[in-house]
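Please open the model in a viewer and keep the sequence panel at hand. The stops below are arranged as a tour, each with a selection to make.

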Amino acid sequence: KKEILECTEEQYKALDEMADNRKICFLGPAGTGKTWLAMEAARRAAAAGEKTLVLCFNRPLAGYLEKSLATHANIKVKTLHSLLTEISPRNSVDKQTKYDKYWKEELPNQALHSLEVMSEDTRSKYRFKTLILDEVQDLLNDNYLIVLNELIDGGLDHGRTLWFGDLEYQDIYSRSQKSPKEILHEQVSPAFRKLHVNCRNVLPIGENA
C-alpha cells in the first residue's frame with residue numbers, strides 16, 4: 001500500500017508539472033497510471049467549472065470511467081463510437097460497405113454533417129471546454145480527429161486537450177498506414193510527458209510472479 005501511494009503521488013506530480021500546457025500527451029506502458037491520471041484531470045477540470053468530455057475506445061473502460069466519475073455533473077463519459085452514434089443516430093450499414101469502413105469513415109462523416117446542420121441549442125450539448133482521451137493509440141484516425149476538432153472550444157489547435165496512451169506497445173486496433181505517433185505529431189502537436197513508474201504491477205507482485 002505504501003509503494004502504491006508513492007507511485008500515485010508521482011503521477012499527481014506529472015499532472016501538476018504539465019498543468020500550464022493546453023495540449024498534453026501522457027505516454028507510458030500498461031500500469032503506469034494513465035487512466036488514473038485521466039480521471040484526476042477530469043475531476044480537476046470539472047471542479048474548475050469546465051464542461052469536460054472524456055472519451056475512450058472500448059466499452060468496459062468507458063463503464064469504469066463513467067462509474068468512477070458519476071458524481072461530477074460537468075463530465076460526460078462515452079466511447080468515441082457511442083458519441084458519434086449519439087450525434088448521428090446510426091443508419092443500417094450498406095451490404096456493400098465494409099464494417100470497418102463504416103466505423104472509421106462513414107460514421108465520423110455522418111456525425112460531422114449532423115454537427116454542421118444542428119440548431120445552436122442542440123449544438124451546445126456537444127461543445128466542451130476540456131477534452132480528455134484515454135487509450136489514445138486507438139483513437140488516432142484522421143476522420144475521428146476532424147470530428148473531435150468540432151467538439152472542443154478552440155479546436156484541437158487552441159483547445160484544452162489531454163491525451164493518455166501507449167503508442168509503442170498497445171496499438172491494438174489501429175490499421176492506419178501512419179503510426180499513432182505520426183498522426184498525433186501531425187494533427188495535434190501536444191507537449192509530451194512520459195510516465196515510467198509502474199503503479200499497478202509493483203515490485204513485490206513482479207517478484208512473486
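Is Gly-154 buried, partly exposed or exposed? Select Gly-154 to begin; the model is a predicted one. Gly-154 counts as partly exposed, because its relative accessibility is 48% and the partly exposed class runs between 20% and 50%. The residue is placed in the loop between α7 (142-151) and α8 (155-158). Now add Lys-129 to the selection and draw a C-alpha to C-alpha distance: Gly-154 and Lys-129 are 8.5 Å apart in space, with their positions 25 residues apart in sequence.

**Strand β4 and its partners**

Proceed to strand β4, residues 130-133. Display the side chains: Thr-130 and Ile-132 point one way from the strand, whereas Leu-131 and Leu-133 point the other way. All four of these residues are buried.

Next, show strand β2 (residues 52-56), which pairs with β4 in the parallel sense over four bridges. To locate one contact in this pairing, select Leu-53, whose bridge partner in β4 is Leu-131. Then show strand β5 (residues 160-165), which also pairs with β4 in the parallel sense, over four bridges. Keep Leu-131 selected, for its bridge partner in β5 is Thr-161. Leu-131 thus serves as a reference point with Leu-53 as a bridge partner and Thr-161 as another.

**Aromatic rings**

How many aromatic pairs does the structure contain? The count comes to two. For one of them, select Phe-26 and Phe-164, whose rings are stacked, at 5.1 Å centre to centre with 10° between the planes. This pair links distant parts of the chain: Phe-26 belongs to strand β1 (residues 23-27) and Phe-164 to strand β5, 138 residues apart. Phe-26 is buried at a relative accessible area of 0%, and Phe-164 is likewise counted as buried at 0%.

For the other pair, select Tyr-102 and Trp-103. Why is this pair classed as edge-to-face? The planes of the two rings stand at 85°, with the ring centres 5.3 Å apart, so the pair is edge-to-face; the class requires planes over 60 degrees apart. Tyr-102 is buried, with a relative accessible area of 1%, and Trp-103 is buried at 16%.

A further ring is found at Phe-128. Select Phe-128 together with Lys-51: the lysine lies over the face of the ring, at 4.9 Å from the ring centre.

**The second largest pocket**

Return to Trp-103 and display the second largest pocket, which has a volume of about 350 Å³. Its lining comprises 14 residues, and those closest to its centre are Phe-57, His-81, Tyr-99, Trp-103 and Tyr-144. Which helices each supply at least two residues of this lining? They are α3 (59-68), α4 (80-87) and α5 (99-117). Colour α5 separately, since the largest share of the lining, four residues, comes from that helix.

**Two cysteines**

For the last stop, select Cys-25 and Cys-56. Cys-25 is buried, with a relative accessible area of 0%, and Cys-56 is buried at 0% as well. How many disulfides does the structure hold? The number is zero.

Note on methods. Residues are numbered from 1 along each chain as its sequence is written. This is a predicted model: local features need pLDDT of at least 70, side-chain atom pairs count only at pLDDT 80 or more; totals for chains, interfaces and linings use all residues. Side-chain values use heavy atoms; hydrogens and water are left out. Buried means under 20% relative accessible area, exposed over 50%, partly exposed in between (1.4 Å probe, protein chains only). Two strands pair if DSSP finds at least two bridges between them. A disulfide is a pair of cysteine sulfur atoms within 2.5 Å. Rings of Phe, Tyr and Trp (its six-membered ring) pair if their centres lie within 6.5 Å; planes under 30 degrees apart count as stacked, over 60 as edge-to-face and the rest as tilted. A charge sits over a ring if NZ of Lys or CZ of Arg is within 6 Å of the ring centre and within 35 degrees of the ring normal. On a 1 Å grid over the protein atoms alone, a cavity is a set of points where a 1.4 Å probe fits but cannot get out, and a pocket is an open set with protein on both sides within 12 Å along at least five of seven lines; lining residues have an atom within 4 Å of a point. Grid points are joined across faces, edges and corners, and a volume is the space filled by probe spheres set on the points.
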